[in-house]
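Here are my notes on the model, as numbered points. Please keep the structure open while you read.

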Amino acid sequence: MEPELQSKWYILTAAATAISLGTDPQVGLDDAEAARRLGHHGPNQLVERQRRTLLRMLLDQFTDFMILVLLAAAVVAGVIGEPSDTIAIVVIVILNAALGFSQEYRAEKAMAALKRLAAASATVIRAGAARTIPSSEVVPGDLIVLEAGAGIPADARLVEVARFRADEASLTGESNPVEKQTEALHDPGLSIGDRTNMVYKGTFATYGRAMGVVTATGMQTQLGRIATMLQEEEEVKTPLQRRLMAFGKKLAIAVLAICAIVFIVGLLRGEGPLLMLLTAISLAVAAIPEALPAVVTISLALGARKMVKKNALIRKLPAVETLGSVTYICSDKTGTLTQNRMTVEKVWCDGQVLQTSELAGQPGDDAPQSLLLAAMALSNDARAGAEGMLGDPTEVAFLVAAKDGGFDKKALEGSFPRVAEIPFDSDRKLMTTFHRWKEGQFVSFTKGAVERVLERSSRVRSSGGETALDASEVIRVTDRIAADGLRTIGFGVRFWAEVPQDLPSEHVETDLTMLGAAGLMDPPRQEATDAVAMCRTAGIRPVMITGDHPLTAIAIAKRIGILRANHAEDAVTVGKDLETLPIEEFEQRVEHIRVYARVAPEQKLKIVKALQDRGQFVAMTGDGVNDAPALKRADIGVAMGVTGTDVSKEAAHMILLDDDFATIVKAVKEGRRIFDNIRKFIKYTMTSNSGEIWAIFLAPFFGLPIPLLPIHILWINLVTDGLPGLALAAEPAERGLMNRPPRHPKESIFSQGLGLHIIWVGLLMGAMSIITQAWSLTTGHAHWQTMVFTVLCLSQMGHVLAIRSDSDSIFRQGLFSNKPLLGAFALTFGLQMATIYLPPLNSIFRTEPLTIAELLFTLAMSSVVFIAVEIEKFLKRRKDAKGSS
């Protein structure tokens, strides 16, 4: 009979599990049955779906609409005899494809990292004998033997443990090893991290010994489920990719329409068909911003380099810009919002609740505070190492608190050495150590769960001596401490004339005198509080996600400002409720939930999808293997560089090198700056192209000849547009960047007046060119075409200086705040002068040297655009000032 496979083995007893899986918990399966099950269930391996070939991945880089438009422009440029333009476009397209290919290739490696977690071999009991087999041959029902240091080959229900602990950080993100036991658990809604009678494939045994019955292998394991989700989840397109795709389509249609009109109007006016065809084609090439992919790539690469210096490593380049669109940041608590360092925050001793800094005592003294500090230091297995404190985080916290109170463990052990101990175990929830004390006495310190210490205590230590213990009062005080989100640990003491010969806990851990209790917490990072406040100013909603108790989560959330006083809409939910909540109802509530407690990492995917379905852009942090599908699905997946697993890092878009929430906020600011600069480039290049189109399109209507030759158009497109445009990528962040809300994900790239600016400033450039042409012709200046060519080029130079900020004057910004742009301006101006005054270039560009008067006239005409845009910004500042008053 085939064993029944299910997912909630932890609610069954060990015996019931063995029966359900058709195995003997003493002798295991026989070889024939194991072979039959291997044939039925298949190898214990992660199965990878068919991947795209490298060639397919490379070819897919050329299917973007904007890239197709550029390739068409390259062909046209080649046909009309402009190989320099063709070469420039092809180089840009190839670089863009290489970048995209490298990003996608790296993204495919998440599955390989997942496979590396699998153990190579396993020890099983078959037919009563232990043997080592390849882990791929483990089957459901196998009895596996687990020892410290071994990888766990499959999901299993534990049937026997000897002080066994497992490191499940790779799966759950829980940094501390988990104490395991064999008793059935009665809550069917437990998350993986709380299933203390189960072990999982891909995790590791760190201490002790255990045996378990295999419940799932291969793709049926928790690791296999994650592999399935990882391969099924598609990465969503970034806002920039969507905007550029829409931009490319609109641009192509507009260019074709304008070129057709220019060609027809030219013919009707009597111009030669060949000249008009070349002019229309040149205009088509000019209207396409060939440098746009290069500017985008350079902006993102510069941003990524800058972010590394701020501890944010960008793995997928488009993520740099996507950060600027983020509306929700969903962050883990431990280590990201907090210091990942347990600290004793409050102490109850001698009838009062004290801050840790208020504790004081004298080593060897019998006063309550002195004994409590001695207990913290001596009944402790943590120790000081070369690189700081080593040991369990809770014990390290006690060691630090004792040292701060003047009780150094190393110094105390010389006077009060440990002579015996009863180690902690999960059943008693207590630990006791014996030490030599003064006057030939011995002392035992017992620490553990407050209720367990209370059960074994009959008195309480106070400054007036020992008094009867009021258990209800102790519970009331410690509950109040716990209500602040602190984990409470109780301490008791007992004096002995000699150490008992045997140490049964029921004899030793009784008739104690209670010393007090300590409240511990992993305190929030100070910078996290500032970062949360900055998020709110920037219109971003911070959300905490943790596997911790709701009280702890709420306490931290209140302290750093995620949960605000007098904001009833800030909701809290727990993982158990999330599990049963219908997706439709959850989507109605998800935008109001600020804290998720007791959440399993796999539930993060549900949170991401719900927010995205509501039109939000989500940054999600994670460090465990279970986080990988959510990190991949999120608009920005953020892995932890210090505590994160390889799988989470491979699935993420960005890695925090310092695991700090504030680093995400800094990255968001950089993302906004980069998108601003990309918009400035589009504003600059499209306005320049618009000016060329208006000049050529309107000239015939005023009875003027076509003002520019095809070579002029291509020169402006390649040099005047290119160099200053690229330098805009280095523009610093504008004032108030983080005081404005995120861009709406569906917002057009031409929103906020960008489209209108392109039209009116382009029209002004065209008008200045036509006025120059008309004036030159009516006043008999033979160099009119060179003058028009120069006015158009230099108008664009003035324009690029003026649009460095959407509102601030260039005089407030300072000319030298973007040195690359200043250099590009000087170089472009020099090259333009070279086309006018160097004889070899005169013949190529069909230009003629201008007189001083003609040059001054062109400089005056080209400055009009700069002045007009500065006036536009002045009016905008006045309007904003009135709106804010």
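How many salt bridges does the count come to? The answer opens point 1, and a few of the pairs follow.

1. **Salt bridges, the count.** The count comes to 37 salt bridges. Keep in mind that this is a predicted model. The distances below are therefore computed from predicted coordinates.

2. **Arg131 and Asp31.** These two side chains form a salt bridge, with 2.9 Å between the closest N and O atoms. The pair links distant parts of the chain, 100 residues apart. Arg131 sits in strand 2 (residues 129–134). Asp31 belongs to helix 2 (residues 31–41). Arg131 has a relative accessible area of 30%, so it is partly exposed. Asp31 is partly exposed too, at 41%.

3. **Arg418 and Glu421.** Here the side chains meet in a salt bridge of 3.4 Å, N to O. Arg418 is partly exposed, with a relative accessible area of 27%. Glu421 counts as partly exposed at 36%.

4. **Glu591 and Arg614.** The closest N and O atoms of this salt bridge are 3.3 Å apart. The pair links distant parts of the chain, with the two positions 23 residues apart in numbering. Both partners are in loops. Glu591 lies between helix 22 (583–589) and strand 23 (593–597). Arg614 lies between helix 23 (604–613) and strand 24 (618–622). Is Glu591 buried or exposed? Glu591 has 19% relative accessibility, and the cut-off for buried is under 20%, so it counts as buried. Arg614 is partly exposed, at 35%.

5. **A shared network.** Some salt bridges share partners. Arg459, Arg461, Glu466 and Asp511 are joined into one network in this way.

6. **Cysteines.** How many disulfides does the structure hold? The structure holds 0 disulfides. A disulfide is a covalent bond between the sulfur atoms of two cysteines. Two cysteines can still be placed by their cover. Cys349 is buried, with a relative accessible area of 0%. Cys793 counts as buried as well, at 2% relative accessibility.

7. **The open sheet.** One open sheet has 8 strands, and the pairing is mixed. What is the strand order? The order is 8-26-25-24-9-21-23-22. Strand 8 (312–314) and strand 22 (571–574) are the edge strands, and each pairs on one side only. On average, neighbouring strands of this sheet are turned by 20° against each other, direction ignored.

8. **Strands 9 and 21.** Strand 9 (residues 328–332) and strand 21 (residues 541–545) run parallel. They are joined by 5 bridges. Ser331 stands opposite Met544, which is in strand 21.

9. **Helix 13.** How many residues of helix 13 are buried? The helix spans residues 368–378, and 11 of its 11 residues are buried. Among them are Pro368, Gln369 and Ser370. The buried set also includes Leu371, Leu372, Leu373 and Leu378. Ala374, Ala375, Met376 and Ala377 are buried too.

10. **Helix 27.** This helix (residues 710–720) is mostly covered, with 10 of its 11 residues buried. The buried residues include Pro710, His712, Trp715 and Asn717. Ile711, Ile713, Leu714 and Ile716 are also buried. Val719 and Thr720 complete the buried list.

11. **Val255.** This residue is found in helix 9 (residues 239–269). Val255 is buried, with a relative accessible area of 9%. Which residue is its partner in the distance given here, 438 residues apart along the chain? That is Ile693, and the two C-alpha atoms are separated by 9.6 Å.

12. **Overall figures.** The protein has 885 residues, and 54% of them count as buried. Its secondary structure comes to 34 helices and 26 strands. Take the contacts between residues at least 6 apart in sequence: 72% of these join residues at least 24 apart. The accessible surface comes to about 36,300 Å². Carbon and sulfur atoms account for 59% of that surface.

Methods:
Residues are numbered from 1 along each chain as its sequence is written. This is a predicted model: local features need pLDDT of at least 70, side-chain atom pairs count only at pLDDT 80 or more; totals for chains, interfaces and linings use all residues. Side-chain values use heavy atoms; hydrogens and water are left out. Buried means under 20% relative accessible area, exposed over 50%, partly exposed in between (1.4 Å probe, protein chains only). Helices (H or I, at least four residues) and strands (E, at least two) are DSSP runs, numbered from the N terminus. Two strands pair if DSSP finds at least two bridges between them. Axes are lines fitted to C-alpha atoms, for helices over the stretch in contact, and angles run from 0 to 180 degrees between N-to-C directions. A disulfide is a pair of cysteine sulfur atoms within 2.5 Å. A salt bridge is a side-chain nitrogen of Lys or Arg within 4 Å of a carboxyl oxygen of Asp or Glu. Contact means heavy atoms within 4.5 Å. Accessible areas come from the Shrake-Rupley method with a 1.4 Å probe; for residues, only the protein chains shown count as cover.
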